[in-house]
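Welcome to a short tour of a protein chain, written for someone who likes to check each claim against the atoms. Please have your viewer ready.

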Amino acid sequence: MKQIEILAFGLENLKLIDAPEPIKPKANQVLIRMRAASLNFRDHLVVTGKYNPKFPLPLVPCSDGAGEVVEIGEEVSEFKLGDRVLATFAPNWIAQEATHAELRNTIGGPLPGTLREFAIFPDTGLVKIPAHLSFEEASTLPCAALTAWSSFHTFSHLLPGHTVVIQGTGGVSIFALQFAKLAGAVTILTSSSAEKLEKAKGLGADHLINYKEVEAWGTEVRRITNKVGADHVVEVGGAGTLEQSIIACKPFGVIHLIGILAGRSGELNLLPVVMNNIKVQGIVVGGRKAFIQMNLAMEASKMKPVIDKIFPIEETREAIEYLRTGSHFGKIVIKI
Ligand SMILES: NC(=O)c1ccc[n+]([C@@H]2O[C@H](COP(=O)([O-])OP(=O)(O)OC[C@H]3O[C@@H](n4cnc5c(N)ncnc54)[C@H](OP(=O)(O)O)[C@@H]3O)[C@@H](O)[C@H]2O)c1
């Protein structure tokens with residue numbers, strides 16, 4: 001079967017190989033014919049060794065994947081042959097809280113990922129695909145969509161009328177925009193690109209800020225909200241953007257700390273966080289129960305993920321290089 005492997009860290013060491021097909025699934029395991037995978041920024045970091053240089057190699061990369069059930073082990077009751085399913089990021093994380101081990105035991109590193117034609121997963125590490133989505137569309141959900149969903153609905157409570165600031169137009173951010181609109185929120189979206197801001201407007205973004213042109217975008221959020229500030233800030237920049245996020249956030253508001261695209265450490269004045277009762281909430285993806293809830297919401301609303309580009313598995317390197325450039329809007333998918 002076709003399988004992508006990281007033989008050594010570095011994009012040049014990513015190889016498409018002919019691997020043996022997995023043996024029969026054991027009890028509580030399911031064999032999946034993978035059909036599509038989608039990329040997250042994490043996958044670029046994993047491939048280049050920047051995420052965790054201690055991950056065991058060779059490693060099949062990619063945490064997001066969709067496919068169909070082709071064989072089930074004994075005692076599997078939730079899935080049957082032909083079911084269309086998604087692998088969950090952390091196969092042992094079921095409910096809201098998880099242990100260190102459950103949080104770190106994730107596919108696409110250190111566990112084998114989704115860029116292969118056949119894969120065996122535990123039945124606890126699978127959920128059904130919303131009926132209205134193709135394999136390609138569904139493959140975008142496990143990390144980016146669930147991270148945005150968990151921010152608003154597991155670790156805080158987004159209400160209609162809340163104001164949400166969303167940084168950028170990558171995978172997590174576009175799902176955050178869609179879920180915020182679905183919940184009836186007012187959205188303020190930042191981007192480095194005028195063209196991407198226009199696209200975001202088409203998805204319902206209410207206010208647009210070019211963060212390259214308006215460096216003090218936190219102050220601009222205060223102006224837009226009549227000095228009130230935002231109830232939620234979706235923070236994908238990290239250390240490089242947190243200062244503006246704190247300015248943008250209203251007293252008792254929440255900063256959802258998701259990414260570190262603009263740096264993981266730096267000097268910061270924390271006093272406004274204390275004086276305004278701001279909650280800085282770290283977010284890592286979400287558990288299986290939240291994933292199922294999110295899929296119900298997507299099915300009911302017929303929400304469709306935004307896909308920028310689909311690559312064949314033979315062009316995985318090109319796809320990861322395209323992700324690195326940041327020129328995409330929404331998600332990048334690989335067809336298997
Ligand atoms: N904690 C979690 O569970 C979790 C889950 C998924 C992702 N993440 C993290 O979240 C971040 C985003 O992931 P992703 O997969 O959505 O990445 P992505 O699709 O590669 O997003 C890239 C986009 O982020 C925007 N961006 C970059 N620097 C920015 C800055 N300084 N200010 C505002 N926006 C900026 C840019 O948007 P424009 O081009 O519009 O400027 C860029 O196109 C990464 O750090 C990733 O590791 C965390």
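A residue is called buried here when its relative accessible area is under 20%. With 2% relative accessibility, threonine 316 therefore counts as buried. The model you are looking at is predicted, and the values below are computed from it.

**Starting points**

Threonine 316 belongs to helix 11, which covers residues 316–325. Setting aside residues up to four places away in sequence, threonine 316 touches Ile4, Leu14, Leu115 and Ile334.

Two loop residues make good companions to this one. Alanine 205 sits in the loop between helix 6 and strand 10 (207–210). Is alanine 205 buried or exposed? Its relative accessible area is 7%, so alanine 205 is buried. Leaving out residues up to four places away in sequence, alanine 205 touches Leu177, Thr187, Leu189 and Ala200.

Phenylalanine 9 is found in the loop between strand 1 (2–6) and strand 2 (14–18). Its relative accessible area of 25% makes phenylalanine 9 partly exposed. The contacts of phenylalanine 9, again without residues up to four places away in sequence, are Val46, Val47, Thr48, Gly49, Asn52, Pro53, Phe55 and Leu57.

Both loop residues have a listed partner elsewhere along the chain:

| Residue | Partner | Separation along the chain | C-alpha separation |
|---|---|---|---|
| Alanine 205 | Leucine 189 | 16 residues | 6.4 Å |
| Phenylalanine 9 | Leucine 57 | 48 residues | 8.5 Å |

**Helix 1 and its surroundings**

Val46 and Val47, both touched by phenylalanine 9, bring us to helix 1. Helix 1 (residues 41–48) is mostly covered, with six of its eight residues buried. Those buried residues are Arg42, Asp43, His44, Leu45, Val46 and Val47. They pack against strand 1, strand 2, strand 3 and helix 11. Right after helix 1 comes glycine 49, with a positive phi near 80 degrees.

**Strands**

How do strand 3 and strand 4 pair, parallel or antiparallel? Strand 3 (residues 29–38) and strand 4 (residues 64–72) are antiparallel, with eight bridges between them. Alanine 37 faces glycine 65 of strand 4. Strand 4 also runs antiparallel to strand 5, and three bridges join the two. Here alanine 66 has leucine 86, in strand 5, as its bridge partner.

**Domains and the core between them**

The domain assignment divides the protein chain into domain 1 (2–143 + 286–335) and domain 2 (156–282). Taken over C-alpha atoms, the centres of the two domains are 28 Å apart. Domain 1 puts 18 residues into the contact, and domain 2 puts in 14 residues.

The largest nonpolar core has 45 residues, and the members that touch the most others are Leu86, Leu141, Phe152, Val164, Phe175, Phe179 and Met294. Two or more residues come from each of helix 3 (135–138), helix 4 (141–153), strand 8 (163–167), helix 5 (171–182), helix 6 (194–202) and helix 10 (288–301). Helix 4 gives the most, with eight residues. Why does this core lie between the two domains? Domain 1 and domain 2 both give residues to this core, so it lies between them. A second, separate core has 34 residues, including Leu14, Val46, Ala87 and Leu115.

For a closer look at the largest core, try phenylalanine 175. Apart from residues up to four places away in sequence, phenylalanine 175 touches Thr140, Leu141, Ala144, Ala145, Ala148, Met303, Pro305 and Lys331.

**Helix 10**

Helix 10 contains 14 residues and reaches 20 Å from its first C-alpha to its last, close to the 20 Å expected at 1.5 Å a residue. Which residues of helix 10 are buried? They are Arg288, Ala290, Phe291, Met294, Asn295, Ala297 and Met298. Among the elements that cover them are strand 5 (84–87), strand 7 (126–128), helix 4 and helix 5. Just after helix 10, lysine 302 has a positive phi of about 60 degrees.

**What the record adds**

An unreviewed UniProt entry places the feature "domain: Enoyl reductase (ER)" at residues 10–334. In the model, that span is 29% helix and 25% strand, and its end C-alpha atoms lie 19 Å apart.

Note on methods
Residues numbered from 1 in each chain as written. Predicted model: local features only at pLDDT ≥ 70, side-chain atom pairs only at ≥ 80, totals over all residues. Heavy atoms only, no water. Core = buried A, V, L, I, M, F, W, Y, C linked by side-chain atoms within 4.5 Å. Buried < 20%, exposed > 50% of the residue type's maximum accessible area, 1.4 Å probe, protein only. Helix = DSSP H or I, 4+ residues; strand = E, 2+ residues; numbered from the N terminus. Domains from an automatic or database assignment. Contact = heavy atoms within 4.5 Å. Expected span 1.5 Å × (residues − 1). UniProt positions renumbered as here; feature names shortened; annotations may be inferred. Pairing = 2+ DSSP bridges.
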